[in-house]
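Reader: Could you walk me through some side chains here, and say how each term is defined as we go?

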Amino acid sequence: MSVRVGVLGATGAVGQRLIQLLDPHPDFEIAALTASEDSAGRQYREAAKWRVDSPIPEGVADSTVHATDPDEVPDDVDLLFSSLPSSVGEAVEPDFAEAGYVVSSNSSNARLADDVPLVIPEVNHDHLDLIEVQRDERGWDGALIKNPNCSTITMVPTLAVLDQFGLERVQVSTLQAVSGAGYDGVSSMEIIDNVLPHIGGEEEKMETESRKLLGEFDGAALSWHDADVSASCNRVPTLDGHLENVWAETSEDVTPDAAEDAFRDAPGLDLHSSPDSLIRVFEDPNRPQPRLDRNIEGGQGIAVGPVQSTTDGLQYDCLAHNTIRGAAGASVLNGELLLDQGYL
């Protein structure tokens, strides 16, 4: 039987992408949509300025949008996918968890909380059991789980592979697509013929979330990884796909060939949306490129260019689709993990 799910913040860019991914999903049935008070009570086709590259699903278009309040969501909904602005998520996501709902959230609030799992299923699925700590400490029957920032999730699967060689230091410079800022986030006059060398809060997210994701969970508490991570984040005039230049230092000497073999062997999971190959390594030095490679594995894969030796370690480029693997698709994967691990 399908799990009945809802989407919080359903009219926004990530909410629309969630609906696109969830509508044909074999395990999930969309049963509730919420948005702001301005949209509540309207049909979804009227409330949402649909901008995803496929039509609004017929079963969703005529659905009524409700206010983002636990009292407005049916009791038989088992899982909520949240794409709320972080300020709204901070205010209401705990209310939903306290009301008994399991929330798989893309919002940035609470990602670094000690008892909130921050999860990339192929990297740290064992961190999901922080839910038990969360329930004990907060006294609720629901749960709150987070996926990381879109730039973090592009890089961390590659770092998790390199950690077998003793990951010590990481430097990254990002070239991030405009869709990461939302439809109204960057004006055309700002970004055309230009690069914006600052994205508020992005560098801190990469530097902290990476270490939490790579940390060790002992069943009671999570210890963050002690690698030194430094980030410089830039907005560039591409629509989708975050390209990142990574420099990594490890305690062991690693050849580029050994690193590439390790990337190719990166373990995956048997979830519905999991890519067949988590990391695809290109031999062409001109790859990966956003326009050519952002949709590998249905947008759920990580593309890596040839690895090179540097004075202190390794250098490579990596790329992921920022609104699929980096946002909505990550939340869906976490929802599938919750189902697989018996939390639904």
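Author: The side chain of E260 has a polar atom 2.9 Å from the backbone nitrogen of V307, where a polar contact is a pair of N or O atoms within 3.5 Å; within protein, one must be able to donate a hydrogen and the other to accept it, and residues adjacent in sequence count only if both atoms are side-chain atoms. This is a predicted model, in which local features need pLDDT of at least 70 and side-chain atom pairs count only at pLDDT 80 or more, while totals for chains, interfaces and linings use all residues. Residues are numbered from 1 along each chain as its sequence is written, and side-chain values use heavy atoms, with hydrogens and water left out.

Reader: Where is E260 found, and is it buried or exposed?

Author: E260 belongs to helix 10, residues 256-264 (helices are DSSP runs of H or I with at least four residues, strands are runs of E with at least two, and both are numbered from the N terminus). Its relative accessible area is 11%, so E260 is buried (under 20% relative accessible area is buried, over 50% exposed and in between partly exposed, with a 1.4 Å probe and protein chains only).

Reader: Leaving aside neighbours within four places in sequence, which residues is E260 in contact with?

Author: Those are V281, P306 and V307, with contact meaning heavy atoms within 4.5 Å.

Reader: Switching to cysteines, how many disulfides does a search of the whole structure find?

Author: Zero, taking a disulfide as a pair of cysteine sulfur atoms within 2.5 Å. For C150, the nearest cysteine sulfur is that of C233, 9.1 Å away.

Reader: And why is C318 without a bond to C233?

Author: The closest cysteine sulfur to that of C318 is the one in C233, and at 12 Å it is too far for a bond. C318 counts as buried because its relative accessibility is 0%, and C150 counts as buried at 12%.

Reader: How many aromatic pairs are there?

Author: The search of the whole structure finds four, where rings of Phe, Tyr and Trp (its six-membered ring) pair if their centres lie within 6.5 Å, and planes under 30 degrees apart count as stacked, over 60 as edge-to-face and the rest as tilted. One of them joins F28 and F81, whose ring centres are 5.7 Å apart with planes at 65°, so the pair is edge-to-face. This pair links distant parts of the chain, with F28 in strand 2 (residues 28-35) and F81 in strand 4 (residues 79-82), 53 residues apart.

Reader: Are F28 and F81 buried or exposed?

Author: Both F28 and F81 are buried.
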